[in-house]
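Take a walk through this structure, one part after another. Begin with how far the model can be trusted, then look inside.

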Amino acid sequence: AMKVSTRGNPVRASMQQIRKQNPDLVVLATRGRQGLPLWLKPSVAQAIARRTSAMTLFVPRGCRGIVSMDGVIQLRRILIPVDHQPNAQEAVIRAVRAAEAFGDEPVEIQLLHVNGSTLPQLSRPESEACVWRELGREGDVTEVILDGANEADLIVMATEGRHGFVDAVRGSVTEQVVRGAPCPVLAVPAR
């Protein structure tokens, strides 16, 4: 855990600590953006996440958490949006590890493929801690993911960073999902 000073640039201060500590996981609380469009007023959390190669767990303000006030962890369903790019294999591995670590019963891991005819080939580690379900949906990618997240306790997404001007203006799918997610989002860099 680290405390970032409210003086100066919080992104720069956070990145200095992240580079120094080289964590496996960065946990960031987020809140909805209001007023100016996101690309004119990016959040500190998103700026930090874009600059680190570590996994990032976003915990949106007011979302359903997986840890209750008395410390009980409740993880029943994980949603993994998958496509051919970025490769979601590392996201699948991390979801299985979460199921093994925190699931008190087998966790349903949903592989959600949007607007595609074939599900990407992904190795599914054998584990008694999870059961697999494949979902194919059509529509706006972000809206479909957020709709599927209404029944999930955790979203695990593979990320590759930004691509070109359109993403710089509109924000990546991961950033759009984080802004509207009803549950925590684990962003896993594709290897």
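pLDDT is the predictor's confidence in each residue, on a scale from 0 to 100. It matters here, for this is a predicted model. The protein chain has a mean pLDDT of 76. Of its residues, 68% reach 70 or more.

Two stretches call for care. Over residues 33-42, pLDDT stays under 50. The model has 14 contacts for that stretch beyond four places in sequence. Residues 162-170 also stay under 50. Their contacts beyond four places in sequence number eleven. Where pLDDT is low, the predicted coordinates should not be read in detail.

Turn now to strand β1, residues 25-30. Its side chains alternate. Val26, Leu28 and Thr30 point to one face and are buried. Leu25, Val27 and Ala29 point to the other face and are not buried. Strand β1 has a partner in strand β2, residues 55-60. The two run parallel, and six bridges join them. Within this pairing, Val27 stands opposite Leu57 of β2.

Next comes the interior. In soluble globular proteins, nonpolar side chains tend to be buried together. Here the largest nonpolar core has 25 residues. Which of them have the most contacts inside this core? They are Leu75, Ile78, Ile80, Ile109, Leu154, Val156 and Leu186. Several elements give two or more residues to this core: β2, β3 (77-82), α3 (89-102), β4 (107-114), β6 (154-159) and β7 (185-189). Helix α3 supplies the largest share, six residues.

Leu75 shows what such packing looks like in detail. Leaving aside residues up to four places away in sequence, Leu75 touches Ile66, Ala98, Ala99, Phe102, Gly103, Val107, Asp153 and Leu154. Another core lies apart from the largest one and has 20 residues. Among them are Leu28, Ala149, Ala181 and Val185. Leu28 has appeared before, as one of the buried side chains of β1.

What about the cysteines? Cys130 has a relative accessibility of 7%, so it counts as buried. Cys183 is buried too, because its relative accessible area is 0%. The structure holds zero disulfides.

Charged side chains make a further set of links. How many salt bridges does a search of the whole structure find? It finds four. One of them joins Glu108 and Arg77, at 3.0 Å from N to O. This pair links distant parts of the chain, with Glu108 in strand β4 and Arg77 in strand β3, 31 residues apart. Arg77 counts as partly exposed, because its relative accessibility is 24%.

Glu108 also forms a salt bridge with Arg133, where the closest N and O atoms are 3.7 Å apart. Arg133 lies in strand β5 (residues 130-137) and Glu108 in strand β4, so the pair ties together parts that are 25 residues apart in sequence. At 38% relative accessibility, Arg133 is partly exposed. Arg77, Glu108 and Arg133 are thus linked in a network of salt bridges.

A further salt bridge sits within helix α3. Which residues lie there, about one turn of the helix apart? They are Glu90 and Arg94, four residues apart. Their side chains meet at 3.1 Å, N to O. Glu90 is buried, because its relative accessible area is 15% and the cut-off for buried is under 20%. Arg94, at 24%, counts as partly exposed.

Key. Residues numbered from 1 in each chain as written. Predicted model: local features only at pLDDT ≥ 70, side-chain atom pairs only at ≥ 80, totals over all residues. Heavy atoms only, no water. Buried < 20%, exposed > 50% of the residue type's maximum accessible area, 1.4 Å probe, protein only. Pairing = 2+ DSSP bridges. Contact = heavy atoms within 4.5 Å. Core = buried A, V, L, I, M, F, W, Y, C linked by side-chain atoms within 4.5 Å. Disulfide = S-S within 2.5 Å.
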